[in-house]
Amino acid sequence: MKDDLFRTILKRYEADIEDAHYKIDCIKDNALVIPEHTDITGEVDKLLLKISEAEGKLAALRKYYGKNKEQGTLL
């Protein structure tokens, strides 16, 4: 995988994780962000799923397409 493609996908997953963390923090710190009728625990659950999926994808990306130990380059 080319270096620029690897970095782009890596940043995408990291951004998904950061976005979900930010939204959870907003829900936690600012009760006014979500209207009363919204299922807050359901929303947090969805965001945690988003984090875990992105972390899994990051792990797979690094495992299968990370630094090649023999050549010192990305696959």
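## Salt bridges within a helix

Lysine 28 and aspartate 25 are three residues apart in helix α1, so about one helical turn separates them. In this predicted model, the two residues form a salt bridge, with 3.9 Å between the closest N and O atoms. Lysine 28 is exposed, at a relative accessible area of 61%. Aspartate 25 is partly exposed, and its relative accessible area is 37%.

Helix α2 holds a pair with that kind of spacing: glutamate 43 and lysine 46 lie three residues apart, about one turn of the helix. Their side chains meet in a salt bridge, at 3.7 Å from N to O. Glutamate 43 counts as partly exposed, at 29% relative accessibility, and lysine 46 is exposed, with a relative accessible area of 53%. Elsewhere, Asp19, Lys23 and Lys50 are joined into one network by salt bridges that share partners.

## A salt bridge between the helices

The structure holds five salt bridges in total. One of them links arginine 62 to glutamate 14, and the closest N and O atoms of this pair are 3.5 Å apart. Arginine 62 belongs to helix α2 (residues 40-65) and glutamate 14 to helix α1 (residues 3-29), so the salt bridge ties together parts that are 48 residues apart in sequence.

Both ends of this link fall in the intermediate accessibility class. Arginine 62 is partly exposed, at 46% relative accessibility. Glutamate 14 is also partly exposed, with a relative accessible area of 34%.

## Packing of α1 and α2

Two packed helices are described by the angle between their axes and by the distance between those axes. For α1 and α2, the axes come within 9 Å and cross at roughly 160 degrees. The angle lies over the 145 degree cut-off, which means that α1 runs roughly antiparallel to α2. The crossing of the two helices is left-handed.

Helix α2 has 26 residues. From its first C-alpha to its last, α2 reaches 37 Å, close to the 38 Å expected at 1.5 Å a residue.

## The buried residues of α2

In α2, the buried residues are Gly42, Leu47, Ile51, Ala54, Leu58 and Leu61. Helix α1 is included in what covers the buried residues of α2.

Isoleucine 51 serves as an example from this set, and its place is in helix α2. At 6% relative accessibility, isoleucine 51 counts as buried, because that value is under the 20% cut-off. When its neighbours within four places in sequence are left aside, isoleucine 51 is in contact with Ile17, Ala20, His21 and Ile24. These four residues fall within the range of helix α1, residues 3-29.

The C-alpha atoms of isoleucine 51 and aspartate 19 are separated by 8.9 Å, although the two residues are 32 residues apart along the chain. Aspartate 19 is also one of the residues in the salt-bridge network, together with Lys23 and Lys50.

Conventions
Residues are numbered from 1 along each chain as its sequence is written. This is a predicted model: local features need pLDDT of at least 70, side-chain atom pairs count only at pLDDT 80 or more; totals for chains, interfaces and linings use all residues. Side-chain values use heavy atoms; hydrogens and water are left out. A salt bridge is a side-chain nitrogen of Lys or Arg within 4 Å of a carboxyl oxygen of Asp or Glu. Buried means under 20% relative accessible area, exposed over 50%, partly exposed in between (1.4 Å probe, protein chains only). The expected span of a helix is 1.5 Å times one less than its number of residues. Contact means heavy atoms within 4.5 Å. Axes are lines fitted to C-alpha atoms, for helices over the stretch in contact, and angles run from 0 to 180 degrees between N-to-C directions. Angles under 35 degrees count as roughly parallel, over 145 as roughly antiparallel, 65 to 115 as roughly perpendicular and the rest as oblique. A crossing is left-handed if the near helix is turned anticlockwise from the far one by less than a right angle, and right-handed if clockwise.
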